[in-house]
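Biologist: I should like to learn how features of a protein model are read. May we begin with salt bridges?

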Amino acid sequence: MDLFPLYNSLRIAAISSVLVFFIGILSAYYVAKLPKVLKGIFDVVLTLPLVLPPTVIGYFLLVIFSTRRPFGSFLLEYGIKFVMTWYGGIISSFVVSFPLMYRTARGAFESFDITLKEAGRTLGLKKSYIFWHIEIPAVRDGILAGIVLSFARALGEYGATSMLIGYTPRHTATISTTVYQLWRIGNDELAFKWVMVNLMISIVVLSFVNLFENRKKKEGRKG
């Protein structure tokens, strides 16, 4: 059993989750402070990948990054190509998992006690210090739940990934695309093994999410 699809899926999900973590937190932080109308507009744009079919997302990514298109050909001049490359999977996984992090983080920031921030300002603390040392620790559980869910979504991504990077053994193959290819050629036994691998990872991820939620409830009762 070739373990490359597992390795490739994990590295794509891990790298995209790092990007989702930082960009998702910053987006949620600034959007939460916007006026109601602007907040609604940004919410629609940033959450859209959550409701669009993954294949539609993959089509849009192909339109953007295809070497036959202006932007894709421009990147190719610098040796950057996302179509049919494993790191193209980072782009597709990022796009489909970003809304989960964004929505979770935004809800956490909106529930943050603003008086803690004001107290930090009165003490002369810098905005960056307040953000990383006061706000982030206060909304930690929401952030952790968002990153875990985003990682799980990226790990199981198929539609957009298959459109953008396809399936090439030991090059772009992921767990999801491998399951499809094995089913297509009639190798149900090996396909089932990969399904079980994905299932076990998903159970572990969801267990972490439940752990965070239970801990938050206990802390809420104590408070």
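Modeller: The turns below treat salt bridges and then a surface patch. This is a predicted model, in which local features need pLDDT of at least 70, side-chain atom pairs count only at pLDDT 80 or more, and totals for chains, interfaces and linings use all residues. Residues are numbered from 1 along each chain as its sequence is written, and side-chain values use heavy atoms, with hydrogens and water left out.

Biologist: How many salt bridges does a search of the whole structure find?

Modeller: A salt bridge is a side-chain nitrogen of Lys or Arg within 4 Å of a carboxyl oxygen of Asp or Glu. The search finds nine. One of them joins Lys-117 and Glu-135, at 3.5 Å from N to O. Lys-117 belongs to helix α6 (residues 114-122) and Glu-135 to helix α7 (residues 127-138), so the pair ties together parts 18 residues apart in sequence; helices are DSSP runs of H or I, at least four residues, numbered from the N terminus.

Biologist: Is Glu-135 buried or exposed?

Modeller: Buried means under 20% relative accessible area, exposed over 50%, and partly exposed in between (1.4 Å probe, protein chains only). Glu-135 is buried, at 3%, and Lys-117 is buried at 7%.

Biologist: Which residues make the nonpolar surface patch?

Modeller: Patches are made of residues with over 30% relative accessible area and no salt bridge, nonpolar side chains being joined within 5 Å. Here Ile-15, Val-18, Leu-19, Phe-22, Ile-23 and Trp-132 make one of about 520 Å². Helix α1 (residues 4-32) gives the most, with five residues. Ile-15, in helix α1, is partly exposed at 35%.

Note on methods: Patch = residues over 30% accessible without salt bridge, like charges linked within 9 Å, V, L, I, M, F, W, Y side chains within 5 Å. Areas by Shrake-Rupley, 256 points an atom, 1.4 Å probe, with all protein chains shown as cover. Helix = DSSP H or I, 4+ residues; strand = E, 2+ residues; numbered from the N terminus.
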